[in-house]
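User: Please pick one part of this protein and give me a close look at it. I would like to see how it connects to its neighbours, and then how the rest of the chain compares in layout.

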Amino acid sequence: MKYLINVTMPFLELMKTSYIKQRIGSSKRNGLRYAIFSPQSKGLFKSHYIGEWKNDVKEGIGKEVDRDGWMYNGSWLNGKKHGCGILSKISKEDHTIHRYYIGQWVTGKKQGFGHNWFEDGSYYEGDFCQNKRHGYGRMWHCNGDYYEGAWKDDFYHGMGLLVKENGNKYEGQFIKGKKEGYGTFYHIITGQEQRGFWTNDWFINGTMSDADFRQSATHPTSYPIPELRVITDINNFQDTSETIHDNKKGESFFIEPFCKRASKRIIPNICVSINTCPCLNSVL
């Protein structure tokens with residue numbers, strides 16, 4: 001009885017992967033590697049990457065410098081900045097390194113909490129979304145202004161506190177970077193509070209009153225205003241004060257010489273400081 005023995009010759013088997021593909025696969029960068037990109041370019045610096053790879057894609061911890069001097073040092077995923085990282089720029093004059101951003105990244109964009117330095121010297125720390133300030137954050141402007149509160153698409157948006165360089169501050173609602181809705185503006189220089197509703201950075205309706213800190217203000221207004229009293233005989237009244245008559249009521253009102261009041265009635269929807277006393281005016 002004869003048995004048929006099937007002998008398989010390994011060298012006669014069909015290769016599932018071609019030799020070229022095998023060579024390509026074996027040449028893929030994995031682990032820690034150093035790579036130089038376009039070394040003959042005319043940029044300021046030679047583009048290069050030092051760090052970890054996975055299947056020929058940057059993944060893990062690594063540092064990359066492009067030909068314009070931008071340098072990123074941090075985490076990578078699928079060839080993109082992902083995780084915690086630092087973005088800096090190398091100066092072409094003296095090759096000093098200036099920080100621009102430290103914080104979280106998602107698929108190559110700033111997202112999460114981070115610190116951002118701007119060209120003009122301003123500084124922001126807070127939340128980011130898709131490379132934009134979005135969420136809660138604080139901003140120190142180069143002109144001395146300070147903002148703390150909600151952001152949306154790189155604008156003040158929501159509740160926030162804005163402190164001006166001269167000390168005046170606004171606390172209330174913002175929409176697209178402007179005062180919108182209900183808020184209070186504190187005139188630190190004159191010692192007053194302006195409460196009411198705002199539209200497009202304009203105060204449209206509300207009240208202005210003396211603040212608790214008026215006596216300690218640098219230039220307090222001439223307050224309190226003396227009580228108004230009726231002058232029965234204006235000819236015998238020896239004072240150079242100005243009087244204003246109300247034709248409807250037939251009354252005359254006494255006003256201190258230093259305060260030239262315009263009109264007794266306040267025009268609706270206009271800032272009180274414009275219609276009562278010029279000494280209330282201040283730069284917003």
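Analyst: Of the 284 residues of the protein, 31% count as buried, where buried means under 20% relative accessible area, exposed means over 50%, and partly exposed lies in between (1.4 Å probe, protein chains only). This is a predicted model, so to speak, read with filters: local features need pLDDT of at least 70, side-chain atom pairs count only at pLDDT 80 or more, and totals for chains, interfaces and linings use all residues. Residues are numbered from 1 along each chain as its sequence is written, and side-chain values use heavy atoms, with hydrogens and water left out.

The protein has 2 helices and 17 strands; these are DSSP runs numbered from the N terminus, with helices being H or I of at least four residues and strands E of at least two. Its accessible surface comes to about 18,800 Å², with 54% belonging to carbon and sulfur atoms; such areas come from the Shrake-Rupley method with a 1.4 Å probe, and for residues only the protein chains shown count as cover. Among contacts with a separation of 6 or more, 16% are between residues 24 or more positions apart, a contact being heavy atoms within 4.5 Å.

For the close look, let's take strand 13, residues 178–187, which is mostly covered, with 7 of its 10 residues buried. On one side, strand 13 runs antiparallel to strand 12 (residues 169–175), and 6 bridges join the two; strands count as paired if DSSP finds at least two bridges between them. You can find this pairing at Gly 172, whose bridge partner in strand 13 is Gly 183. The two strands form a hairpin with 2 residues between them, and Lys 176 in the turn has a positive phi of about 50°.

On to strand 14 (residues 192–199), which is also antiparallel to strand 13 and joined to it by 7 bridges. Here Tyr 186 has Glu 193 of strand 14 as its bridge partner. This hairpin has 4 residues between its strands, with Gly 191 in the turn at a positive phi of about 75°.

Glu 193 deserves a second look, as its side chain meets that of Arg 195 in a salt bridge (2.9 Å, N to O). A salt bridge here is a side-chain nitrogen of Lys or Arg within 4 Å of a carboxyl oxygen of Asp or Glu. Glu 193 counts as buried at 13% relative accessibility, whereas Arg 195 is partly exposed at 32%.

Strand 14 also holds Phe 197, which counts as partly exposed because its relative accessibility is 45%. Phe 197 joins Tyr 182, Trp 202 and Ile 204 in a nonpolar surface patch of about 450 Å². Patches are made of residues with over 30% relative accessible area and no salt bridge, with like charges joined within 9 Å and nonpolar side chains (Val, Leu, Ile, Met, Phe, Trp, Tyr) within 5 Å.

Now to the interior. The largest nonpolar core has 19 residues, of which Tyr 147, Trp 151, Tyr 156 and Phe 174 touch the most other members. Strand 12 is one of the strands that each supply at least two residues of this core, along with others including strand 10 (146–152) and strand 11 (155–163). A nonpolar core is a set of buried Ala, Val, Leu, Ile, Met, Phe, Trp, Tyr and Cys residues joined through side-chain atoms within 4.5 Å. Leaving aside neighbours within four places in sequence, Tyr 147 is in contact with residues including Tyr 156, Leu 161 and Phe 174.

The structure holds 7 salt bridges. In one of them, Lys 164 pairs with Asp 145, the closest N and O atoms being 3.3 Å apart. Lys 164 is in the loop between strand 11 and strand 12 and Asp 145 in the loop between strand 9 and strand 10, so this pair ties together parts 19 residues apart in sequence. Asp 145 counts as buried at 10% relative accessibility, while Lys 164 is partly exposed at 26%.

Finally, for the layout elsewhere, strand 5 (residues 80–90) is joined to strand 6 by 8 bridges in an antiparallel arrangement. Strand 6 in turn pairs with strand 7 (residues 109–117) over 5 bridges, again antiparallel, and Gly 103 stands opposite Gly 114 in strand 7. That hairpin has 2 residues between its strands, and Thr 107 takes a positive phi near 50°.
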